[in-house]
Amino acid sequence: MSTEGGTKALVAALSANLAIAAAKFTAFAFTGSSSMLAEGVHSVADSGNQVLLLVGGKRARRAADEEHPFGYGRERYIYAFLVAIVLFSVGGLFAIFEGYEKIHDPHELHGWYWAVGVLVFAILMEGWSFLTAIRESNKAKGGLGWVEFIRRAKAPELPVVLLEDTGALIGLVLALLGVSLTVVTGNGVWDGIGTLCIGILLVVIAVVLALETKSLLLGESADKEVVQRIREALVDHDDVTRVIHMRTLHLGPEELLVAAKIGVNAEDSAAQVAEAIDAAEIRVRRAVPIARVIYLEPDVYSDEKAAAGDDPLATPGGDGPAAAH
């Protein structure tokens, strides 16, 4: 996923949410609708989230230093996790509380046409932001389905914007339904129910975001297709005979660490092995450009040692069982 695509989607979402938040709070001031208040807070939370992701993206581009030799790429994951916390607390829990209060103490809406007009405007703006995120995501997701793309994406920005915009559009429809039913029936409870539903929706989205981001924070390996490309690039069947075992780890969305034990010929000299390793690194970087940190350990493969299982955690699907150290 390109950083530029994520940034473009974030800027579009931020612009839309700032305009929407101002309109929603104006409508709340004229109508007293709890749905409008909840939606206004939701838009403020979303705006803050986009700022967090932009800041995280900028900080992640800092160069590696002595204290952080592998760079700051994972900082984008930390800020994405903060987004989930903000969405859960500021957006979801506030809306649930406000909806509960409105159901127990319903109020009549005043100037309901303000609410309807603002909600229609907000739907159009959120739709523009959502379409921007869809266009940018289509460039990155390839043949993946949307659910799979959100689960497998290593860069957090586009999945976060997609989930936020999806939640925002559904929330706006719920708010419009709550306001409309309140106007038709004259019962303010419907406004509270709409607000409560918005809160539950935001909490669910926040939990999904937190679970996916937590996995990235813990450290995810490369996708299976990328791992296979690395394996194929390492082995040339002349100087490097096999991949004995291998680990991959995302240091950031666009930076991959590769550590592998490779099989070399027993009769090769140290100089020949060094040349084989250099050539293998070049092949890997050509096949997978984000493989920027590569550590290769040469070894002589032995069926007897492999059968003993000296490396029980060997990468599944490798060239034979685990090999000895």
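Start your selection with Asp238, Asp239, Glu275 and Asp278, which gather on the surface as a patch of negative charge. What you have loaded is a predicted model, so keep that in mind as you click around.

**Stop 1: the negative patch**

Zoom in on Asp239 from that group. You'll find Asp239 in the loop between α8 and β1 (240-252). How accessible is Asp239? Its relative accessible area is 34%, so Asp239 counts as partly exposed.

**Stop 2: along the loop, then into the strand**

Stay in the loop between α8 and β1 and pick His237. Colour this one by backbone torsion if your viewer can do that: phi of His237 is near 65 degrees, a positive value in a residue that isn't glycine. Why flag that? Because most residues other than glycine have a negative phi. His237 is also exposed, with a relative accessibility of 64%.

Now move on to another histidine, His250, which sits in strand β1. Buried or exposed? His250 is at 4% relative accessibility, so it counts as buried. Show sticks here and add Gly252 to the selection: the His250 side chain reaches the backbone oxygen of Gly252 at 3.0 Å.

**Stop 3: salt bridges**

Time for some charge pairing. Side chains of opposite charge can pair when their charged atoms come close. Across the whole structure, a search turns up 10 salt bridges. A few of them are worth a visit.

Select Glu75 and Arg62. These two form a salt bridge, with 2.6 Å between the closest N and O atoms. The pair connects distant parts of the chain: Glu75 belongs to helix α3 (residues 75-104), while Arg62 is in the loop between α2 (34-60) and α3, and the two are 13 residues apart. Switch on a surface and compare the partners. Glu75 has a relative accessible area of 13%, so it is buried. Arg62, at 34%, is partly exposed.

Before you leave, add Arg59 to the selection. Which residues join up here? Arg59, Arg62 and Glu75 are linked in a network of salt bridges.

Next, jump to Lys154 and Glu220. Their side chains meet in a salt bridge, at 2.5 Å from N to O. Lys154 lies in the loop between α5 (146-152) and α6 (157-185) and Glu220 in the loop between α7 (189-218) and α8 (224-234), so this pair ties together parts that are 66 residues apart in sequence. Both Lys154 and Glu220 are buried.

Keep Lys154 selected and add Asp223. Lys154 forms a salt bridge with Asp223 too, where the closest N and O atoms are 3.7 Å apart. Again distant parts of the chain are linked: Lys154 is in the loop between α5 and α6, Asp223 in the loop between α7 and α8, and their positions lie 69 residues apart in the numbering. Lys154 has a relative accessible area of 12%, under the 20% cut-off for buried. Asp223 is at 24% relative accessibility, so it counts as partly exposed.

**Stop 4: a nonpolar patch**

Clear the charges and select Phe30, Trp112, Tyr113, Trp114 and Val183. Together they make a nonpolar patch on the surface, with about 520 Å² of accessible area. Which helix gives the largest share of the nonpolar patch? Helix α4 (residues 112-141) does, with three residues.

Centre on Tyr113, which lies in helix α4. Tyr113 reaches 53% relative accessibility, and the exposed class begins over 50%, so Tyr113 counts as exposed.

**Stop 5: two C-alpha distances**

Still in helix α4, pick Val116. Val116 counts as partly exposed, at 24% relative accessibility. Draw a distance from its C-alpha to that of Val179: the two residues are 63 apart along the chain, yet the C-alpha atoms of Val116 and Val179 are separated by 7.6 Å.

For the last pick, go to Leu181 in helix α6. Leu181 is partly exposed, with 28% relative accessibility. Draw one more distance, this time to Asp191: the C-alpha atoms of Leu181 and Asp191 are separated by 7.6 Å, with the residues 10 apart along the chain.

Definitions and conventions:
Residues are numbered from 1 along each chain as its sequence is written. This is a predicted model: local features need pLDDT of at least 70, side-chain atom pairs count only at pLDDT 80 or more; totals for chains, interfaces and linings use all residues. Side-chain values use heavy atoms; hydrogens and water are left out. A salt bridge is a side-chain nitrogen of Lys or Arg within 4 Å of a carboxyl oxygen of Asp or Glu. Helices (H or I, at least four residues) and strands (E, at least two) are DSSP runs, numbered from the N terminus. Buried means under 20% relative accessible area, exposed over 50%, partly exposed in between (1.4 Å probe, protein chains only). Patches are made of residues with over 30% relative accessible area and no salt bridge: like charges are joined within 9 Å, nonpolar side chains (Val, Leu, Ile, Met, Phe, Trp, Tyr) within 5 Å. Accessible areas come from the Shrake-Rupley method with a 1.4 Å probe; for residues, only the protein chains shown count as cover. Lys and Arg count as positive and Asp and Glu as negative; His and the chain ends are not counted. The place of a charge is taken as NZ of Lys, CZ of Arg, CG of Asp or CD of Glu. A polar contact is a pair of N or O atoms within 3.5 Å; within protein, one must be able to donate a hydrogen and the other to accept it, and residues adjacent in sequence count only if both atoms are side-chain atoms.
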